[in-house]
Amino acid sequence: MNKWENNRAWLLTVPVLILVAFSSIIPLMTVINYSVQDIMGEGQSLFVGTEMFKAVLREPRLHEALWRQFLFSALVLLIEMPLGVLLALAMPKKGWGVSFSLVVIALPLLIPWNTIGSIWIIFVRPDIGLFGHFINNVLGIPFDHTARPLDAWITLMFMEVWHWTPLVALLAYAGLRAIPEVYYQAAKIDGSSPWKTFWYIQLPKMRGVLTIALLLRFMDSFLIYAEPFVLTGGGPGNATTFLSIYLVKLALGQFDLGTAGAFSLIYFLIVEVLCFVFYQVLQNVGKGAKT
Amino acid sequence: MARIEFNDVAHSYLRNPKKEADYAIKTISNCWDDGGSYALLGPSGCGKTTLLNIISGLVTPTKGRVLYNGVDVTALPPEKRNIAQVFQFPVLYDTMSVYDNLAFPLRNRHIENKEVDKRVQQVAEILDLTSFLQDRAAGLAADAKQKISLGRGLVRSDVAAILFDEPLTVIDPYLKWLLRRKLKEIHEQLKLTMIYVTHDQMEALTFAEKVVVMYEGEIVQTGTPEDLFENPEHRFVGYFIGSPGMNFLECRLDGNVAYVNGTGIKLETKTADAAQNARGKMELGIRPKYLEISSKPVENGLEAAVKNLEDLGSYKIVTVMLQNKILHAWLPEDSPVPSGKAWIIFPPQKTKLYADGRLVK
């Protein structure tokens, strides 16, 4: 086919440009704009340069929220990744059990995020909740996620693991199913133990999907908002105030738009840098570099 | 090392096989001698790989027994059978170095480090992998990867047999030839039992002492390459071995003369005698190499029309029509080339008779 030049073809990209402008570029520019000003009220603002960034970086409550956020994401990854892989390994490989287990495992993923919070609030209530009532009144262990920070964290972790491990499991399962049968045959001939088969065949072959799972889980857990907001509102005290909850308090609660803008950009940068690092590390693990 | 025996082995991939067509392997009894080198030859889908997997234990047959040196191993998994198998496409442990890949089958069997090192170095030497030993296996080219797979098959010195499932498919022709020779050398040195699956007759005929020809789930003939060429016991062997394959002509028998649409062709007396008890569709078979062709009328020569001539360098292939049937014949380089008409002779001792595809003898 002959190619000819027609600059009007650029017009075809306009819809996407408009879409991306409204969904990303304009909001981002607005945030950058806010981050370099101190906004006192409508029409009253003062250019302050990097002042807001400096202030944010010095803010101890932000540091606390940041460490809390790291701890949360680290726990989420440490629990959900191995658990998801284990689930995938345990799932049936053929027959009716495949579709059955896929549907059952995917159920938590279908529930809206704020509904998840509501479900768990009721579930852990000491008076009427199945779990709360059982642990307080039957086992006699005092448990109250609204009063004790540790209980709040435990509840939050359970909810998070219940909600998102299925995603890791589904991705890992897809990765497992894609391994050609001949690898298992060769492993049998070579006298490989099940553990070695897992370590040298299944795990390396799942690297791609597990990288995706890790990145998705890291980003989502690092940006978590709706579930803790509904379940604990950031409490008790500030025990479950994560970065996003803190950010919303700053921006909407105190209407501190300048600080919130600077904070958003730093937040965005942290996520971006960490994802890049994770991705590079996981890609290099599998490279044919000399050992 | 071991003698491997099949006792009435049949296999179907269906859960409840009913008719004969449900079986990928139809009742096979066969024996692979200790230290022999065999090629398993047949078209795609004839059951070669299934047969190989039954030997190694990756597939448990629906019926029958598999014996290693007289011991029944039918129910044993591959890891308990002490067998090596190399697959069509490279299978690597990509997070390991080449060295660790080769050592893997030995280490899994708790062999001393010193012995492991000795074997790995030997195999690496044979396969020209010494300079890669410390590299990560994942980064290598396809042929190097397949050499590692071969190496994992060769590294164990005590195996009952080494099974190869079209192992050279991904390797380019020159290296293929080198590796095939290498395998043959290894066989001659170590006297290991080797079974080599292929659908390439060249590969089968050059590699093996004995060729086992499979067709639709059955072994139709086992023999030396020469046997297969001179005395094909099944129509399929005649057609599959040799290029072009054997000529077949449907015929009707009367005494020791076979009639092809009215043209009589004389047979050997013993063939004609044996044919008295044969039933089914009768066919004459003759190798293009043995069909004598002349450009001038000769005594007992049958007149045929020349259709095509193919020059293959050291010989030519002539295509002729005899009674509306196509025949191929070899023509040595210095023979006169027939044009328009040719006269052909069927030498009786080389003219075979087949009843329902099987040799009459």
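In chain B of this predicted model, strand β17, residues 302-311, pairs with β20 in the antiparallel sense, and the pairing runs over 4 bridges. If you want one pair of residues to look for on the screen, take B:Ala305, whose bridge partner in β20(B) is B:Lys341. Strand β20 of chain B, residues 341-345, also pairs with strand β16, residues 292-294, again antiparallel, this time over 3 bridges. In that second pairing B:Ile293 stands opposite B:Ile344.

Staying in chain B, please look next at strands β18, residues 315-322, and β19, residues 325-332, which run antiparallel and are joined by 8 bridges. Within this pairing, B:Met321 stands opposite B:Ile326 of β19(B). The two strands form a hairpin with 2 residues between them, and in the turn B:Gln323 has a positive phi of about 50°. As background, most residues other than glycine have a negative phi, and most peptide bonds are trans.

With that in mind, there are two further places in chain B to point out. B:Asp8 has a positive phi of about 45°, although it is not a glycine, and this residue lies in strand β1 of chain B. The other place is the peptide bond between B:Ser243 and B:Pro244, which is cis, with an omega of about -5°; B:Pro244 sits in the loop that runs between α8, residues 235-240, and β11, residues 247-250, of chain B.

Strand β1 brings me to the sheets. An open sheet of 4 strands in chain B has the order β2-β1-β4-β5, with antiparallel pairing. Its edge strands are β2, residues 25-32, and β5, residues 71-72, of chain B, and each of them pairs on one side only. Strand β4(B), residues 63-68, is joined to β5(B) by 2 bridges in the antiparallel sense, and there B:Leu67 stands opposite B:Asp72. Helix α1 of chain B, residues 48-56, packs on this sheet, where it touches β1, β2 and β4 of chain B, and the direction of the helix makes about 125° with that of β1(B).

Another open sheet in chain B is formed by 3 strands in the order β12-β13-β14, and here too the pairing is antiparallel. Why is one side of β12 and of β14 in chain B left without a neighbour in the sheet? These two strands, residues 252-254 and 263-266, stand at the edges and each has a single partner strand, so one side of each has no neighbour there. Neighbouring strands of this sheet are turned by 35° against each other on average, if direction is ignored. Between β12(B) and β13(B), residues 257-260, there are 3 bridges and the strands run antiparallel; B:Arg252 stands opposite B:Tyr259 of β13(B).

Let me now turn to the way the two chains meet. How many residues of chain A are in contact with chain B? The count is 23 residues of chain A, in contact with 26 residues of chain B. Chain A and chain B bury about 2,000 Å² between them, and 57% of that area is on carbon and sulfur atoms. On the side of chain A, the residues that lose the most area to chain B are A:Ile189, A:Asp190 and A:Tyr200, which together account for 33% of what that side buries.

A:Asp190 deserves a second look, as its side chain meets that of B:Arg152 in a salt bridge, at 2.7 Å from N to O. Across the whole interface there are 2 salt bridges, and 8 residue pairs are in polar contact, counting pairs with both residues at pLDDT 80 or more. The elements of chain A that give two or more residues to the side touching chain B are α8, residues 181-189, and α9, residues 194-205. The largest share of that side, 7 residues, comes from α8(A). Sorted by class, the side of chain A that touches chain B has 10 nonpolar, 6 polar and 7 charged residues.

Finally, the salt bridges over all chains come to 21. One of particular interest for following the fold of chain A joins the side chains of A:Glu160 and A:Arg217, at 2.1 Å from N to O. This pair links distant parts of the chain, with A:Glu160 in helix α7, residues 149-177, and A:Arg217 in helix α10, residues 207-222, the two residues being 57 apart.

Key
Residues numbered from 1 in each chain as written. Chains lettered and ligands numbered in written order. Predicted model: local features only at pLDDT ≥ 70, side-chain atom pairs only at ≥ 80, totals over all residues. Heavy atoms only, no water. Contact = heavy atoms within 4.5 Å. Buried area = accessible area lost by both parts, 1.4 Å probe. Salt bridge = Lys/Arg side-chain N within 4 Å of Asp/Glu carboxyl O. Polar contact = N/O pair within 3.5 Å; in protein donor to acceptor, adjacent residues only side chain to side chain. Nonpolar A, V, L, I, M, F, W, Y, C, P; charged D, E, K, R; others polar. Pairing = 2+ DSSP bridges. Axes fitted to C-alpha atoms, helices over the stretch in contact; angles between N-to-C directions.
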